[in-house]
Every structure is written in structure tokens, then in C-alpha cells.
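Visitor: I am new to this structure and should be grateful for a close look at a single part. Please take me through the aromatic pairs.

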Amino acid sequence: MSHLSKALIQALEQVVGQAGLIHDAERMQSYLSDWRNAYRGQAALVVRPASTAEVAEVVRLCREAGVALVPQGGNTGLCGGSIPDDSGTQVVLSLTRMTAIRAIDPANETITVEAGVILQRLQEAAAEVGRLFPLSLGAEGSCTVGGNLATNAGGTAVLRYGNMRDLTLGLEVVLADGRVWDGLRGLRKDNTGYDLKHLFIGSEGTLGIITAAVLKLFPAVRSLTTAWVALPSPQAAVDLIGRMRTLCGDRLTGFELMSRQSVEFVLQHVAGCNDLFNEVHPWYVLIELSDTLIDAPLAQMLENGLSEALEQGEALDAVVASNETQVAGLWALREGISEAQNHEGPSLKHDISVPVSSIPAFIETTDRKLLEAFPGVRIVAYGHVGDGNLHYNISKPIGAQDAPFKAQAEAIMHVIYDATVAFAGSISAEHGLGQAKRDAALRYKAPLELELMRTLKQALDPAGLMNPGKLL
């Protein structure tokens, strides 16, 4: 039974219509747990507005009634940031009906989209006018722009294009009192005070609800070259990326590091993936070069760099893809890691970042401390070397039971996060804090930072009704 008053439910239905309201328990289930089923909650109602005006009215009505809202997009997050608590009193505010591409301005290199637009659809819309929207990640077929903004998503092309903060020029946001801030300006220069959009990007819906955005577009990629390279160590990866940056400049679009354990899981559990070398190697990188010119000499540039790396011992072996099918096969080895690890039982995921120069020492130190404290755990380390972001995930020892392993999750987390902070890193690089890392932030963020965050929260959401229990 809903915890909401009949009058509020009727008022909400008048705003969004029957199609925008879900109160049937069975239909609500997909909104109440994340895709891994790691977080599950209850809700009084799911509301699906179809316009900014409807979002604003829903927010106003819920604020007057003292009802908390949990904004939700594609629900592909890994930290439980879009899942309600278990009280059954909160309302899930799904933005998946807000799917309009409002404007494309090729001359200004911008696109204006609503929060419910699927990332892949955004990429396609850019391509239709000969442009590129460069954010790319494994969930791009189901994640939404609103969720990408709320978590400041990064993905595989941050090395060249930056994360969502770098790709955003303007926002439209419904504030906690129901007012609408129209900041949809496609300007690259606007020096008129505080840059308010950055308060909401990465705030995980705790300060307001992003309903639309003006995003940057780039010239379309017309040449692409991809290689799979075997390495002796993470230090070799750092050396190699430095070499490739010097040779290729900003043509270096992707540089993804993977441990052998990561690749082995993919080979075991993802159909169609094959080992590319006769020998087993401890580390691998996927390198991608791209250019806006047709027939740019990328293959030659890549081969020159790899030849030097092989001579210097930075690389042990390499293969360059010769067609689109082979390129897709290389990326499948990288993108399949998260899915493959799930087949091995509980996966303790840690999305951290350290300075690029510290990656080798971080991995060596953290691996050693973990294996000393928790013998037999399998370390699945991979990530975006160019921006220092590692997905440092842990699977249980072979033959171990799930429950005892999961009972060690907090202790394992502290080993990893203690090392992260020791190397001047961050406990969340691109997944956000959500509810998964909310309490860890108390230990690992500076008290003054938390004080300033709480000050912003109090100023913009004094009633504490915007995605409560997340981030703070």
C-alpha cells in the first residue's frame, strides 16, 4: 500500500497522466533495483513526467507534501545512486520519457537534448549531421544523458575529449522548490560569475534534477586504427602512453590497460572472444588512434610507435586490427570484463583514480597488501591509463563461498582506499558515490570538503528531499 496521500497521488496523475504513473508492484520492480541487483529498495510510486514543466510540478507537489524524490535515468549505475531506500516512502522520478533532441547546431558544434535521451541515440544524432559526440562506455545502449551528467561519466575517450563536465556547455535544471533554472546556453565563453552548471554535474540528483543539456560536438572521425599490445608491467604501459602521446598528439583517443586476470575472465565467459597471442602475458593495452582526415597515416604512426616500444622492451607483442570486425573484437575483450567477472560470483568493485605516474606503484603496493591480508583473492585491474582511472575489482578465491567473501568487503575496501589516498588519489573516478561510497567519503574526504558540500546541499535543498541518503 502506498505511503502517499490519495490527494497527492491524484494531483500527480493530473500532471503526468495515467501513462506517467506506476503504482503496480510488479511493474515497479525494474525501478527498484540496479542492473546487478546489488541494491534494492522500495518506493511509494514511480512517476514518469514527459516534459520539464511536468518535472517542475511533480517536484513542487512532492516538496509541499514532504515526500522525497529519487531521480532515475537508465538505472545503469554501479553505486546505487538511483535506487530508493527500503522505507517505501520515496517517489522514483524516472526521466526516461523525456527523449527529445531539441536542437542541433552544426555551426556552433552543439546539440541540445533532454535528460532521458539514450547515449547511443545521442551519438547517432550527432553522426547524422557529420559530427561526433565522443562519450562512449559499455552501457551506452541503455544509459541516459541525465545519468551521465549526474555522475560526471567518463568512459573510454576521456584521454582526448574529457568527461561530461568537459563536454557540457549548458543545463536546464529543476530546483528543489520546483523552479526551473534555464542555463541552456551554447557558449564557450561566459564569464559572468559562478559557473552554476558544475554544481549539478556530478551531484547525483541531490541538488536538483537535470532535465536538458547543451553538449559539445566534434568533427566526425574518418580514420581509425586500433591495436592490442602485450606488456610486461603497468610501468611499461605508462612508458608506452608517453611514447604514443609524443608521436601522435591528440590522435591518441583510447589507451585501455587490462591485467591477464581480467582478460582470462572474458575468454572464459564471453562468447566469440579469443586470445590473440600464442603466449600468455601479464598485462595488455588496447590503443586507438583517430583522425578527422580521410586516409590519415594512423597505421604507420602506430606501427612506428610500437616498433620503438618492442625494441625498448615496453611491449612484448602486438597486433593491429585490419578491419572493423577485428576492431570490434578487440573492444569486446575490453568491454566484456565487467560482465565476465559477474560469472565468477560476487564482484567487489572499486572505481579509483591516481596520478598516471603513480599507477605502477599503486598496483604493486595494493596487490601485495591485498594478497597478504586475503590470500587467494583474484584481482581484476583494468581501466583508462590516460586519465589515471582504474577499475580495481576483486573476485573471491577459487572454491570459496560467497558469504564469507562478501563479509570481507569492507576490510578489502579499506586496503584499496587507504592505498588510493596514500597515492593522492580519489575513491571514485567516474561512478560517483551513490550509497555505496557515501560512508567511505566520511573517512577519505577532507572534513572541509564535506562541510562545503553540506553547505551547498542546505542552500539548494534545505528540506533534504532530493535523493536523500546519496553522496552525503
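Guide: Two rings of Phe, Tyr or Trp, the last taken by its six-membered ring, form a pair if their centres lie within 6.5 Å. Planes under 30 degrees apart count as stacked, and those over 60 as edge-to-face. This is a predicted model, and the structure holds 7 aromatic pairs.

One of these is formed by Phe 277 and Tyr 284, whose ring centres are 6.4 Å apart. Their planes meet at 10 degrees, under the limit of 30 degrees, so the pair is stacked. Phe 277 and Tyr 284 are both buried. They also belong to one aromatic cluster together with Trp 228.

The rings of Phe 362 and Phe 423 offer a second example, with centres 6.2 Å apart. Here the planes stand at 85 degrees, over the limit of 60, and the pair is therefore edge-to-face. This pair links distant parts of the chain, for Phe 362 and Phe 423 are 61 residues apart. Phe 362 belongs to helix 14, which comprises residues 359-373. Phe 423, by contrast, is found in the loop between helix 16 (409-422) and helix 17 (438-444). As for exposure to the surroundings, Phe 362 has a relative accessibility of 0%. Buried means under 20%, so Phe 362 counts as buried.

Conventions. Residues are numbered from 1 along each chain as its sequence is written. This is a predicted model: local features need pLDDT of at least 70, side-chain atom pairs count only at pLDDT 80 or more; totals for chains, interfaces and linings use all residues. Side-chain values use heavy atoms; hydrogens and water are left out. Buried means under 20% relative accessible area, exposed over 50%, partly exposed in between (1.4 Å probe, protein chains only). Helices (H or I, at least four residues) and strands (E, at least two) are DSSP runs, numbered from the N terminus.
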